Amino acid sequence: MATTKGCRTASGIVLTIAVAVGAAPLEGQSAQPGPLPGAPGYKAPVISDTGALPGPRQPIFFRHDIHAGQDQIPCMYCHSTVAVSSEPGIPALRTCIGCHQIIGGSTPSHQAEIAKVRKAWSDRQPPEWIRVYWVPGFVRFSHMRHIKVLGTGSDSCANCHGQVNGMAQVGQAFTLKMGWCIGCHVEREVIRGRDCSVCHY
Ligand code: HEC
Ligand code: HEC
Ligand code: HEC
Ligand code: HEC
Ligand code: HEC
């Protein structure tokens with residue numbers, strides 16, 4: 001039954017998403033019906049107004065809702081260092097070009113953005129991605145420690161970054177304030193979780 005409804009309202013879905021994005025631009029995700037991002041059958045929305053999206057505008061319009069949401073590429077495929085270093089890092093162009101030497105894009109707007117990826121590669125000019133998340137230098141934070149306990153799946157990342165696989169453009173889901181960190185440490189009974197020296201040098 002749900003499937004029938006999904007088909008019948010397929011054209012309405014795009015509309016719903018456009019409205020949801022406009023109404024709640026800080027969410028960066030929408031409660032559309034049908035499969036959730038990352039699940040089989042999820043279809044990333046068509047976006048006409050990129051200006052309304054949360055988060056900084058990046059040099060290439062790279063969409064997590066397409067890569068991680070629709071095509072279900074695991075977060076770790078691109079952010080592999082998350083489990084072994086304190087810095088997850090942004091993937092090098094080499095990671096992109098493996099696919100995009102072949103995949104040119106199915107719509108004119110995708111083709112235009114993928115052309116930028118190819119040009120950046122042939123010019124050896126990696127895009128200067130704008131950083132979204134950071135903590136001040138006097139704060140100690142290690143992804144590795146967290147991932148070990150919370151896991152490497154997108155649900156683990158969602159604890160601190162929101163549902164990135166549903167985001168067309170990454171914006172801050174959480175502000176990373178001290179109280180937020182401590183809140184989770186207390187909730188999960190992290191040993192010495194409130195102790196100043198855990199997070200401060
Ligand atoms: C195909 C490669 C790819 C996949 C898969 C991918 N990402 Fe990304 N991610 C990127 C690129 C490129 C950027 C930098 C551009 C941007 O911010 O959108 C980025 C940026 C981010 C950022 C913002 C970093 C910052 O602070 O600037 C977060 C958070 C993030 N990704 C989380 C995730 C999560 C969670 C998943 C899985 C649900 C995921 N990514 C899957 C390539 C990928
Ligand atoms: C595992 C394969 C794979 C990898 C790795 C990959 N992509 Fe893609 N990418 C795709 C597919 C599939 C599409 C959808 C193509 C379509 O239907 O238009 C796509 C679409 C795109 C688009 C157009 C849609 C959008 O997101 O705005 C851009 C731009 C893009 N990719 C950039 C990148 C960048 C930058 C990287 C590296 C950080 C990357 N891709 C890594 C498979 C990949
Ligand atoms: C416990 C909270 C937490 C979890 C879980 C978490 N992150 Fe982060 N992430 C952060 C914080 C805090 C920062 C900023 C770190 C800094 O400034 O050093 C960050 C920064 C990032 C960045 C940007 C850093 C860079 O090197 O450019 C990426 C990409 C990222 N996270 C991806 C992920 C992915 C992928 C996952 C899941 C596998 C994940 N994160 C899980 C809290 C978290
Ligand atoms: C979603 C829950 C969650 C959030 C949010 C979170 N943490 Fe944690 N953190 C944990 C857990 C669980 C551990 C315990 C990991 C272990 O047992 O090794 C931990 C451990 C740590 C440790 C290592 C503790 C030690 O004993 O050395 C540091 C440092 C830390 N977190 C810093 C931060 C900072 C800074 C933030 C906010 C920017 C933050 N955490 C946000 C869950 C969280
Ligand atoms: C779980 C990690 C964590 C613990 C434990 C922690 N802090 Fe913080 N602290 C942070 C983060 C993250 C920030 C930066 C974000 C912010 O200002 O809220 C911060 C910022 C601060 C600042 C700067 C505030 C400002 O307005 O610039 C001070 C001062 C501070 N902490 C003192 C303490 C003291 C004192 C303790 C112990 C009672 C403590 N912190 C325990 C994570 C932590």
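**Note on a helical protein model with ligands**

1. Buried residues account for 19% of the 201 residues in the protein. The model is predicted, and the points below should be read with that in mind.

2. On secondary structure, the protein has 10 helices and 0 strands. Following the sequence from start to end gives the pattern α-α-α-α-α-α-α-α-α-α.

3. On contacts, consider pairs of residues at least 6 apart in sequence: 64% of such contacts in the protein join residues at least 24 apart.

4. Which residues make up the largest nonpolar core? This core has 8 residues in all: Ala68, Cys75, Cys78, Cys157, Val164, Met167, Ala168 and Val170. One of them, Cys157, is in contact with Cys75 and Val164, once its neighbours within four places in sequence are left aside.

5. Ligand 1 is surrounded by 22 residues. Cys75, Cys78, Val132, Tyr133 and Cys157 are the closest. Cys75, Cys78 and Cys157 also belong to the largest nonpolar core. At least two residues of the shell around ligand 1 come from each of helix 3 (64–70), helix 4 (75–78) and helix 8. By class, this shell holds 14 nonpolar, 7 polar and 1 charged residues.

6. Around ligand 3 there are 23 residues, of which His79, Tyr133, Trp134, Cys157 and Cys160 come nearest. Tyr133 and Cys157 are also among the closest residues to ligand 1. Helix 7 and helix 8 each give at least two residues to the shell around ligand 3. Helix 8 provides the largest share, 5 residues. The classes in the shell around ligand 3 are 13 nonpolar, 8 polar and 2 charged.

7. Ligand 4 has 19 residues around it, and the nearest are Phe141, Asn159, Cys181, Cys184 and Val190. Two or more residues of the shell around ligand 4 come from each of helix 7 (143–150), helix 8 (154–161), helix 9 (178–187) and helix 10 (196–199). Which helix gives the largest share of this shell? Helix 7 does, with 4 residues. By class, the shell around ligand 4 divides into 11 nonpolar, 3 polar and 5 charged residues.

8. Helix 8 is worth following through the model. Helix 8 supplies at least two residues to the shell around ligand 1, gives the largest share of the shell around ligand 3, and contributes two or more residues to the shell around ligand 4. Cys157 can be followed in a similar way: this residue is listed among the closest to ligand 1, comes among the nearest to ligand 3, and forms part of the largest nonpolar core.

How values were computed. Residues numbered from 1 in each chain as written. Chains lettered and ligands numbered in written order. Predicted model: local features only at pLDDT ≥ 70, side-chain atom pairs only at ≥ 80, totals over all residues. Near = placed C-beta within 6 Å. Nonpolar A, V, L, I, M, F, W, Y, C, P; charged D, E, K, R; others polar. Core = buried A, V, L, I, M, F, W, Y, C linked by C-beta atoms within 7 Å. Buried ≥ 20, exposed ≤ 12 C-beta atoms within 10 Å, placed from the backbone. Contact = placed C-beta atoms within 7 Å.
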